[in-house]
Amino acid sequence: MSKLDTRYLFRDKERHDPSALPDYDTLDFVSSGQHVYGEIMWPDGEYSAPRPCVIMLHGFPGSARNDDIAHALCRIGCVVMAPHHRGGPGEAKENI
């Protein structure tokens, strides 16, 4: 089992394998009949062990999201999920 590479917690890697770059995607799941939107960040493909997942919850809608922490965790090999709260960006008012 590989350990997380904490050398990159506070800095980017010098080089990336172009075929294994980090990725970023939208998140959409249903909770109590309502869509919850957000983002999911995938670390680069150089991390070979099963990846830990961190769920970043950011307080009330419109508040700071701590993206710097999410990016740092992704750099060391974590999958990071950052769901928005119901009533957050992109959600229709009738669902609130």
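Visitor: How far is the sulfur of C78 from the closest cysteine sulfur?

Guide: Happy to start there, with the reminder that this is a predicted model. A disulfide needs two cysteine sulfur atoms within 2.5 Å. The closest cysteine sulfur to that of C78 sits in C74, too far for a bond, and the distance is 8.1 Å.

Visitor: How many disulfides does the structure hold, then?

Guide: C74 and C78 do not pair, because their sulfurs are too far apart for a bond. C74 is in no disulfide, with the sulfur of C78 as its nearest cysteine sulfur. For the structure, the number of disulfides is zero.

Visitor: Is C74 buried or exposed, and what is its relative accessible area?

Guide: The cut-off for buried is under 20% relative accessible area. C78 falls below it at 4%. C74 is buried too, and its relative accessible area is 7%.

Visitor: Which residues of helix α1 are buried?

Guide: Helix α1 covers residues 67-75, and C74 is one of its buried residues. As a general point, an α-helix has 3.6 residues a turn, so residues three or four places apart point the same way. The full set of buried residues in α1 is A70, A72, L73 and C74.

Visitor: Which strands are included in what covers those buried residues of α1?

Guide: Good one to follow in the structure above. The chain has one helix and four strands, arranged along the sequence as β-β-β-α-β. The cover over the buried residues of α1 includes strands from both sides of the helix in that order: β2 (34-42), β3 (53-55) and β4 (79-83).

Visitor: Which residue just after α1 takes a positive phi?

Guide: Helix α1 runs over residues 67-75, so the place to look, by the strand and helix numbering, is just past that stretch. The phi there is about 120°, and the residue is G77.

Visitor: With which side chain does the side chain of E39 make a polar contact?

Guide: E39 lies in strand β2 and counts as buried, at 14% relative accessibility. Beyond its neighbours within four places in sequence, E39 is in contact with several residues, among them Y24, R65, V80 and H84. The polar contact, at 3.2 Å, is with the side chain of H84.

Visitor: What share of the contacts with a separation of 6 or more comes from residues 24 or more positions apart?

Guide: The chain has 96 residues, of which 30% count as buried. Its accessible surface is about 6,600 Å², with 56% belonging to carbon and sulfur atoms. Among contacts with a separation of 6 or more, the share from residues 24 or more positions apart is 68%.

Definitions and conventions
Residues are numbered from 1 along each chain as its sequence is written. This is a predicted model: local features need pLDDT of at least 70, side-chain atom pairs count only at pLDDT 80 or more; totals for chains, interfaces and linings use all residues. Side-chain values use heavy atoms; hydrogens and water are left out. Buried means under 20% relative accessible area, exposed over 50%, partly exposed in between (1.4 Å probe, protein chains only). Helices (H or I, at least four residues) and strands (E, at least two) are DSSP runs, numbered from the N terminus. Contact means heavy atoms within 4.5 Å. Accessible areas come from the Shrake-Rupley method with a 1.4 Å probe; for residues, only the protein chains shown count as cover. A polar contact is a pair of N or O atoms within 3.5 Å; within protein, one must be able to donate a hydrogen and the other to accept it, and residues adjacent in sequence count only if both atoms are side-chain atoms.
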